[in-house]
Amino acid sequence: MRRMSVFPQHGTALGNLGLTANEIRQETENNTSELVSDMVNLSARARFQAIRSLPMPFNEKKTIRNRVNSVKLSKTILAADCRQQVSRSFRRFCASLASARQHLIIWQDSLKEIGSRFGTSVLSYFLFLKWLLKFNLFSLIINFCFITIPQIAHKPNISSITGFRGLELLTGVGYFNQTVLFYGGYNGEVIVSKPAYNMQLAYFFTIAAYLVLCGVSLIYSMSRSFQKNFVLETGPISGGAWRLLCSWDFSVVNEKAIQYNKNNLAIQLKESLSERLQEKNKMSLSDRIKRLSLHFLAWLLSLGLALGSGAGIYFLGTNEELAFSFNPDPSDLGAEASTLLLPVVVSLISLIVPLLYSLISKIESYSNPRAKIYISIVRNVILKMSILGILCFYWLDFVPKQRTCWESFVGQSVYRLLIIDFIFCLLGIFFGEFLRNVIGTMCIQSLGVPEFDIARNVLDLIYAQTLAWIGIYFSPLLPVMQVLKLFIIFYLKKVNTIIASLCTCSQYYIACLVLWFLFQISLSMNCQPPKHTGRAAQIQTVFIGLLFFPSFVGALSMVAFTVWSLKPSDQCGPFQGLDTPFHTIFTWTDSLPEYHWVGWIFENILRSELFYFLISLIVLVITYFLWQITQGRKQLIKTLREQIVNEGKDKAFLLNKLQNLQKERREMASYRPQDFDQTPHFNPNWMNTLPLDM
């Protein structure tokens with residue numbers, strides 16, 4: 001392709017060319033016209049590359065591009081040009097969609113700011129909260145679309161309803177008693193439409209599909225996180241050199257967060273060194289017995305507190321809450337308010353007992369901070385699971401015998417637990433962070449700013465999510481409360497972006513004052529990064545594992561036991577009149593004579609023990625193969641590390657040889673023998689040098 005030759009070559013001046021200004025301008029225009037005519041016949045990609053490679057300023061390139069486009073538009077548009085224009089427009093549309101998708105990601109800017117100020121350890125809590133929000137949003141969408149909307153459009157199952165008094169927002173009874181918020185607001189009638197809509201099947205399969213998808217997602221996330229953060233990070237690469245050279249969090253820009261990150265890195269290095277020293281230094285028998293005795297005493301106290309809390313909750317539930325719940329009087333507000341006693345006691349236990357656990361851990365004096373964190377997590381999990389286990393036993397064993405519509409009562413109990421837990425969370429943010437910050441910065445400066453306790457906050461999220469999974473069968477719209485709770489908690493922890501957007505408008509002055517107060521209790525003002533975070537990625541893997549077991553597995557077991565074993569209420573709910581909710585599947589398969597293969601599959605495959613045995617066997621075989629693959633990768637990583645070590649030894653050997661060789665050369669170069677004259681001389685007495693016997 002012809003290039004423009006407007007400027008003189010080899011540094012020749014314009015005066016030396018023998019051309020006038022008009023002639024030079026005409027020559028330039030001719031060259032430009034020829035260049036444009038040549039580029040018109042090129043393809044779009046070749047034309048782009050040609051214009052880009054021109055040796056001229058950007059403005060002149062832009063002018064040539066505009067002239068080429070105008071010439072092409074003046075000519076007849078060919079089919080190839082149409083395809084190119086459509087392809088270019090489609091690429092631009094896809095790029096704009098990708099850009100818009102980035103802006104639609106929830107909390108993206110806030111999460112980046114949290115990560116930059118506090119690091120990945122605190123960021124893991126907010127990512128975990130966002131992950132739980134997705135679960136609840138998905139549950140809310142499918143439950144509302146497949147269960148609630150058909151029931152509302154058909155005919156709500158409402159016999160009598162009282163006026164709204166406000167206390168229902170806390171108790172869930174009264175006005176909400178027979179709404180679609182709880183199990184009693186649904187019926188099992190078949191909605192006459194084309195095709196017919198069976199509410200029993202919709203209720204059963206919607207809840208079942210959601211729980212199955214949650215289980216699959218948890219298993220997948222847990223396996224990926226475990227493989228990434230445990231399997232592939234074991235061995236020498238996770239030692240002191242790796243932490244010293246490769247573990248710095250470059251997203252941190254705040255000065256205090258940088259200092260905390262440096263301290264945290266120093267603590268992790270001390271942990272690694274202390275672990276190695278503990279392996280070398282063996283404790284004496286008396287010291288070991290003393291430490292084991294302290295650990296045994298601490299565990300005995302912690303388990304005793306957990307069992308005592310569970311027993312107290314069961315005694316309180318069976319004696320106090322039933323006074324109004326089993327004999328409701330809509331006009332008795334005092335009796336209705338007494339139903340809040342049990343969730344208040346449960347929340348107080350969840351707040352006070354962990355503080356006692358922290359005092360108990362001080363007598364153990366763990367040398368490894370990470371072990372202390374893990375043991376604290378295990379004790380808190382035992383406490384919360386003991387409380388939930390006692391409540392589930394109370395709901396499934398005692399309540400069905402005393403209550404006519406016991407499913408709605410269980411849903412209301414879970415609703416009250418979620419509401420009161422949320423209120424205590426707000427109080428904990430205010431008294432535990434805001435007032436603690438004021439006292440530590442103004443009154444008693446030795447206390448300092450409180451740390452953001454990642455383990456405690458995440459365990460609170462797991463506890464609330466377990467309640468939401470337990471209540472999904474008894475209250476299909478319970479995820480609404482969980483979604484609102486997660487949103488509010490996030491913006492209470494981090495709300496400065498909202499303040500920045502509202503304080504610019506004078507009409508939102510009052511709202512700015514309220515948000516300023518919320519900002520004072522937010523993460524960015526009242527908390528500092530934790531000093532002992534351990535490995536943030538591995539802690540996050542532990543949290544996902546705890547969310548799966550015992551949280552999800554326990555909730556799934558309760559719902560499965562309710563569906564397979566308990567008789568539903570005869571006066572409310574979609575499964576009234578059946579022996580168990582699972583019998584709706586039998587009724588459905590019996591009503592499909594033209595699809596006899598569906599009944600055959602259900603009777604001979606889905607209800608067969610051999611089928612589940614084969615499924616379990618296949619899962620075990622797949623697990624074994626995956627385990628072997630993981631072991632092979634670990635062996636490969638180990639071999640590669642050994643090769644790296646050997647390569648290092650080879651390089652060290654070669655460097656030593658090279659240094660020795662250079663040393664020898666320097667020694668040889670430093671040696672200079674004395675100069676001597678090699679010119680031959682004639683010896684006149686040469687005869688005397690001959691032997692005598694010649």
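Is D460 buried, partly exposed or exposed? Let's start there and work through some charged side chains of this predicted model.

**Exercise 1.** Classify D460 and its salt-bridge partner R456 by accessibility, then place the pair in its helix.

*Solution.* Step 1: partly exposed covers the range between under 20% (buried) and over 50% (exposed). Step 2: D460 has a relative accessibility of 26%, so D460 is partly exposed. Step 3: R456, at 41%, is partly exposed as well. Step 4: the N to O distance of this salt bridge is 4.0 Å. Step 5: R456 and D460 sit 4 residues apart in helix α16 (residues 454-470), which puts about one helical turn between them. Step 6: a network of salt bridges links K384 with R456 and D460.

**Exercise 2.** Find which helices the salt bridge between E29 and R67 ties together.

*Solution.* Step 1: the closest N and O atoms of E29 and R67 are 3.4 Å apart. Step 2: E29 belongs to helix α1 (residues 21-40) and R67 to helix α3, so the bridge ties together parts 38 residues apart in sequence. Step 3: E29 is partly exposed at 38%, and R67 is partly exposed at 29%.

**Exercise 3.** Decide whether K485 and D421 are buried or exposed, and locate them.

*Solution.* Step 1: their side chains form a salt bridge at 2.5 Å, N to O. Step 2: K485 lies in helix α17 (residues 478-493) and D421 in helix α15 (residues 406-443), 64 residues apart. Step 3: K485 has a relative accessible area of 6% and is buried; D421, at 12%, is buried too.

Notes. Residues numbered from 1 in each chain as written. Predicted model: local features only at pLDDT ≥ 70, side-chain atom pairs only at ≥ 80, totals over all residues. Heavy atoms only, no water. Helix = DSSP H or I, 4+ residues; strand = E, 2+ residues; numbered from the N terminus. Buried < 20%, exposed > 50% of the residue type's maximum accessible area, 1.4 Å probe, protein only.
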